[in-house]
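Here are a few short exercises to work through with the model open beside you. Try each task before you read its solution.

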Amino acid sequence: MTHVHIIGGGLAGLSAAIDVIGRARVTVYESGPACGGRARSYFDKALGCRIDNGNHLLLSANKATFRYLGLIGAEKSLTGPGTPVFPWYDLEAGLGWTLRLSRGRLPLWALSRRRHVPGMRLSELGILAKILRAGPDATVETCLGRGMLTRRLLEPFAVSALNTPLDQASAALLAAIIRETLALGGEACCPWYPAEGLSESFIDPAIAHIARLQGEVRCGARISGLDISGGRVVGLKNGDETIPLGPEDHVVSAVPAPVARTLVGPHLPGFSAPDEFESIINVHYRLPEPVETRGVLDRAGFVGLVGGIAEWVYLKGEILSVTVSAANRYAGHAHPDLIATIWSEIRRAIGPVAIRPLPEAAPPARIVCEKRATFAATPAQDRLRPDARTDISNLALAGDWTATGLPSTIEGAIRSGSEAVKALGLVS
Ligand SMILES: Cc1cc2nc3c(=O)[nH]c(=O)nc-3n(C[C@H](O)[C@H](O)[C@H](O)COP(=O)(O)OP(=O)(O)OC[C@H]3O[C@@H](n4cnc5c(N)ncnc54)[C@H](O)[C@@H]3O)c2cc1C
């Protein structure tokens with residue numbers, strides 16, 4: 001029986017495993033102590049509870065992701081308001097509002113004061129068309145305007161989706177996201193996120209599914225090299241051991257771009273991969289009791305902020321969790337200062353709708369800074385992304401940094417795993 005060896009137990013590797021298991025024997029090699037890579041949950045000793053390395057938001061348009069969740073039986077593990085509603089707060093203006101997208105393609109929401117972005121002009125919708133028409137070298141900033149639609153929706157949407165400063169970010173990559181989301185209407189834009197944790201939704205059920213179908217996941221197994229002979233991978237180096245591959249065996253490399261450069265790069269003439277990255281900061285505050293709020297925030301479970309450092313705040317029981325994207329710009333900031341400033345932003349945005357007052361001083365907090373959260377979604381970096389197929393007949397590439405057409409996202413990572421097993425001819 002064909003044996004598929006998958007290097008890397010992040011979402012790309014697990015997606016490849018899930019697509020092929022049942023048709024082939026599967027082994028996943030993960031160098032870390034647990035699978036999940038950049039989308040994982042763990043017990044944080046200082047806070048005394050489980051947290052995610054970073055908040056992850058999905059939209060109903062993420063078809064490959066929902067398919068994956070269906071295959072592993074975890075489609076009910078996500079939560080969200082069930083409708084395309086987004087509560088927002090402008091910290092500079094001291095103004096809160098709720099964006100309520102209309103379900104269909106026609107942007108009827110833009111005609112209603114109760115549903116649209118306060119201060120926006122209808123003519124600003126033309127910016128979306130400009131982004132959709134942008135050439136491969138255009139940056140997002142050159143497409144945006146100066147009005148409130150830009151400030152209060154397009155900028156924060158683009159920074160979160162691309163995780164890159166907008167004067168450098170690729171308009172074409174943003175267009176790819178818009179085509180699959182906003183352009184299809186609210187039906188494609190319902191927000192979803194894990195009810196419990198990233199691992200509980202995306203990782204643990206996948207591992208259980210692989211185990212049920214006799215697959216194997218080996219954690220603590222770092223693959224340090226490939227043996228190539230006759231245009232095929234014939235062995236994988238793991239410590240002192242070389243794992244031999246049979247003539248029917250295949251390999252999916254689903255490691256991050258910097259690892260792929262050293263692991264597969266030397267065997268693939270002309271290989272290129274993104275080499276510039278952006279960080280994401282998450283700050284998790286642990287409150288003495290669950291934070292309860294009134295109104296739409298209670299229903300949505302999160303709020304988007306503009307005009308400060310914090311961009312998204314998620315209410316997760318006793319944890320208030322904040323995301324800051326394109327965070328290389330905060331590299332020199334002292335963590336205690338960030339914790340205090342972001343807490344004051346949370347108090348301003350959430351304080352007025354919190355059922356119990358939020359403490360004045362920041363509660364115990366953990367900052368998680370993922371330095372290489374995503375590749376920098378610039379036109380130049382986008383050009384460095386390789387296809388899944390390689391010149392080595394039994395090797396394919398996966399990972400959110402491969403040429404998925406999307407920026408670095410869960411959806412891109414999951415699609416890349418599927419593409420890799422298709423490129424090997426294992427799945428049609
Ligand atoms: C803080 C943060 C917030 C994010 N927010 C969002 C969001 O809101 N929405 C969204 O869609 N996406 C978001 N993303 C992006 C998303 O998490 C990633 O795109 C996705 O998880 C990447 O998966 P991957 O499998 O391609 O890579 P990885 O998750 O990096 O997986 C690669 C795996 O390979 C393993 N590995 C490395 N070297 C070896 C080796 N030599 N041998 C064996 N194994 C090896 C690693 O340990 C890792 O587990 C966010 C990312 C971060 C960090």
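**Exercise 1. Find which backbone atoms lie close to nitrogen and oxygen atoms of the ligand.**

Step 1. Start with Y29: one of its polar backbone atoms is 3.5 Å from a nitrogen atom of the ligand. This is a predicted model, in which local features need pLDDT of at least 70, side-chain atom pairs count only at pLDDT 80 or more, and totals for chains, interfaces and linings use all residues. Residues are numbered from 1 along each chain as its sequence is written, and side-chain values use heavy atoms, with hydrogens and water left out.

Step 2. Go on to N55, where a polar backbone atom is 3.5 Å from a nitrogen atom of the ligand.

Step 3. Finish at I410, which has a backbone N or O atom 2.8 Å from a ligand oxygen.

Step 4. Now widen the view: 34 residues surround the ligand (a heavy atom within 4 Å of it), and the closest are E30, R38, H56, L57 and D400.

**Exercise 2. Describe how domain 1 and domain 2 meet.**

Step 1. Mark the bounds, which come from an automatic or database domain assignment: domain 1 covers 3-32 + 220-275 + 377-423, and domain 2 covers 119-185. Their C-alpha centres lie 32 Å apart.

Step 2. List who takes part: 11 residues from domain 1 and 13 residues from domain 2 are in contact (heavy atoms within 4.5 Å).

Step 3. Look at the area: the two domains bury about 920 Å² between them, 58% of it on carbon and sulfur atoms. Buried area is the accessible area (1.4 Å probe) lost when two parts are put together, summed over both. On the domain 1 side, A377, P379 and P407 supply 51% of the area buried against domain 2, more than any other three residues.

Step 4. Turn to charge: two salt bridges (a Lys or Arg side-chain nitrogen within 4 Å of an Asp or Glu carboxyl oxygen) are counted between the domains.

**Exercise 3. Locate the salt bridge between E370 and R40.**

Step 1. Recall that side chains of opposite charge can pair when their charged atoms come close.

Step 2. Check the distance: the closest N and O atoms of E370 and R40 are 3.1 Å apart.

Step 3. Place both in the chain: they are 330 residues apart, with E370 in strand 19 (residues 365-375) and R40 in the loop between strand 2 (25-30) and strand 3 (41-44). Strands here are DSSP runs (E, at least two residues), numbered from the N terminus.

Note on methods:
Polar contact = N/O pair within 3.5 Å; in protein donor to acceptor, adjacent residues only side chain to side chain. Helix = DSSP H or I, 4+ residues; strand = E, 2+ residues; numbered from the N terminus.
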